[in-house]
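Visitor: I'd like a close look at one part of this model, the aromatic rings, and then whatever else you can connect to them. Take your time and walk me through it.

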Amino acid sequence: MDETTETRLRDHIAAIVARSGLPPADRDDVAEELLGHLVTRTAELVADGLSEEDAASRAIAEFGGVDDLAPDFRSAYHSRLWASTLGVMLPSDRMPEGRPMPVTALAALTGVTAFFGAIGTFVVATNATPIRAVLATPMFGIAAILDWLATLAILAGQRWGFLVGLFVTVVMLLAGLGQMTSGPGTTISLSGIAAAVTLIAIAVNGEGVDRWFAESGRLPAPTAAAVGVFVAVSTLVGLAPGQLPDPTQIGPQDITATAAVSCRTVPEPGLNDVDGAAELDPNARQLEIDTMATVTWHRTDWYPKGFSVGPEGYGDAVAFLADVPSNRRAAPILELWPQDVGVEFGSWASSVPEEVSNMEAAGGDVRGIDGQIIRAGSEVTVRSRLVAHIVGDLGQNIEPPSVEVSYWHLDRFRLRASVSCGQEAQLSDEGTSR
Amino acid sequence: MTTAERYLESLGNRDLREEQTLPVQLGRGDLSLLLLGLIAEREMYGYELVAGLRERSGTVLDLPEGTVYPALRRLERQGLIAGRWVDSGDKPRRRYYRLTQDGEQALATGRAAWRRFVAATDAVLGR
């Protein structure tokens with residue numbers, strides 16, 4: 001067969017193979033088989049008396065072209081809808097022999113990640129603030145789908161699934177380490193431990209995993225690059241929504257809060273516990289620190305805790321913590337406690353940071369403001385009385401105390417001011433916006 | 001579209017008085033079954049299978065020869081046949097296919113289904 005005819009046949013086959021969506025490792029195989037057919041048929045027709053050129057033309061015509069064969073090849077290799085759509089879930093053309101346990105563990109871990117990713121998607125969709133939900137939900141959802149596809153790809157002997165699974169596991173390990181090392185106390189991260197065990201198993205079973213990896217199916221370079229870029233971008237973008245400002249939510253500038261403190265000392269002769277021994281102290285006095293905080297909302301949040309939580313499900317808090325200078329000398333103040341005055345506005349503990357509870361534990365007074373009360377244009381006055389017993393001569397020279405007044409809007413930001421007795425101040429943003 | 005529907009469609013598009021034989025467009029399932037039937041006889045390569053189809057069906061089965069190859073790859077990926085390359089001297093290498101155990105079972109099931117179809121068609125058209 002002359003070179004021109006052979007080139008013609010090869011070009012015909014190359015055109016078919018190029019449009020058939022074949023896995024790279026199968027392309028040469030299929031091309032050789034198809035070319036063998038054309039060469040044999042052409043030779044047969046030449047033997048029947050046709051010129052080589054005519055024989056090649058007829059062989060090509062009988063064989064069929066791109067439109068006849070390419071769709072059949074594509075459907076043969078992309079037998080599932082999702083596979084043909086994504087073009088990445090093809091079972092490996094040569095399945096690696098045997099799957100090492102660490103690879104199976106990696107697939108399982110990636111699958112579990114996908115499961116929790118799906119749950120996370122639901123939680124974000126229903127609990128995040130509107131703009132953040134809109135941004136984060138697709139990212140969480142896509143990441144969960146990608147993890148699930150990667151799980152299937154690992155089981156199908158595909159390398160890209162392994163690499164995505166590895167990436168997910170490393171991220172899981174880092175997140176687990178971050179969780180275990182941040183904050184007070186010891187936190188055990190089960191996901192972090194599972195990730196560490198899996199990665200160690202992969203490292204220990206190096207040879208087996210290496211063999212599986214070498215035999216695993218590869219995506220065409222452009223598709224692999226696209227998957228890699230997508231994973232990187234979706235990871236970065238997935239982290240972003242929590243940091244983005246949400247214009248549907250109010251900021252410190254949307255709230256005006258003022259506080260006024262008045263103090264008075266009243267005689268309170270009676271039994272006091274001085275130096276651990278109960279005795280009658282005729283000079284004992286009681287310091288009453290009254291604080292009145294007024295909060296005005298110029299605007300309110302639109303679904304501050306997501307669409308699944310109504311206004312009754314959250315609240316703000318105003319905290320009052322007296323700073324009695326002599327208290328630092330530990331002697332004159334025997335007790336400091338809030339005395340109930342005014343209105344208790346409801347639950348606050350689940351909506352505001354833990355440090356608010358700490359302030360209450362330190363002798364402060366915390367008043368909750370139920371979310372149902374918070375309306376644009378409304379004003380609420382919160383009163384608090386902190387009472388201290390003052391005993392002995394030290395109390396004679398007590399400096400005027402001050403009260404640290406803090407207003408927390410959920411766990412997002414805090415307005416505060418330190419107000420001395422007889423003064424009034426406006427609470428200001430400390431840059432605590434979250 | 002089933003084979004019967006395709007056949008009836010081909011009837012509808014042709015003048016029966018002018019046609020002695022009617023080419024039938026094979027569907028994927030039909031072609032796969034025919035290939036399984038041929039490979040069941042002995043190990044064969046693609047060109048042989050095309051020749052076998054042409055030889056045994058005359059001009060009735062109408063398909064571009066190349067379409068046999070995607071069908072073979074599909075059957076191989078389904079585990080119904082297994083292929084292996086065999087050198088043939090100065091000629092191009094040949095990829096021979098043999099039936100697997102699953103392929104034998106699929107062929108038996110396919111044959112039974114085809115015969116039920118033919119029997120039902122005969123019952124309607126009369127012999």
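Guide: Phe162(A), Trp212(A) and Phe213(A) are tied into one cluster by ring pairs. Keep in mind that this is a predicted model. Over all chains, the count of aromatic pairs comes to eight. One of them joins Phe115(A) and Phe116(A), with 5.3 Å from centre to centre and 75° between the planes. That pair is edge-to-face, because planes over 60 degrees apart fall into that class. As for their surroundings, Phe115(A) is exposed, and Phe116(A) is exposed too.

Now zoom out to the chain that carries these rings. Chain A has twelve helices and twelve strands. It runs to 434 residues, and 45% of them count as buried. If you take the contacts in chain A with a separation of 6 or more, 75% come from residues 24 or more positions apart.

Over in chain B, the strands are a good place to start. Strand β4 (residues 81-88) and strand β5 (residues 91-99) of chain B run antiparallel, with seven bridges joining them. Among the partners across that pairing are Ser88(B) and Lys91(B). Two residues sit between β4(B) and β5(B), which form a hairpin, and Gly89(B) in the turn has a positive phi of about 65°. β5(B) also pairs with strand β2 (residues 44-45) of chain B, again in the antiparallel sense, this time over two bridges. There, Tyr45(B) has Tyr96(B) of β5(B) as its bridge partner.

Follow the chain on from β2(B), which covers residues 44-45, and you get to helix α3 of chain B, residues 46-57. Its axis and that of helix α4 (residues 68-77) of chain B come within 10 Å and cross at roughly 115°. The crossing of α3(B) and α4(B) is right-handed. On the α3(B) side, the contact is made by Gly46(B), Tyr47(B), Leu49(B), Val50(B) and Leu53(B). On the α4(B) side, Val68(B), Tyr69(B) and Leu72(B) do the job. Sort the residues of this contact by type and you find seven nonpolar, one polar and no charged. The polar one is Gly46(B), because Gly is put with the polar residues in this sorting.

Notes:
Residues are numbered from 1 along each chain as its sequence is written. Chains are lettered from A and ligands numbered from 1 in the order in which they are written. This is a predicted model: local features need pLDDT of at least 70, side-chain atom pairs count only at pLDDT 80 or more; totals for chains, interfaces and linings use all residues. Side-chain values use heavy atoms; hydrogens and water are left out. Two strands pair if DSSP finds at least two bridges between them. Helices (H or I, at least four residues) and strands (E, at least two) are DSSP runs, numbered from the N terminus. Axes are lines fitted to C-alpha atoms, for helices over the stretch in contact, and angles run from 0 to 180 degrees between N-to-C directions. A crossing is left-handed if the near helix is turned anticlockwise from the far one by less than a right angle, and right-handed if clockwise. Contact means heavy atoms within 4.5 Å. Rings of Phe, Tyr and Trp (its six-membered ring) pair if their centres lie within 6.5 Å; planes under 30 degrees apart count as stacked, over 60 as edge-to-face and the rest as tilted. Buried means under 20% relative accessible area, exposed over 50%, partly exposed in between (1.4 Å probe, protein chains only).
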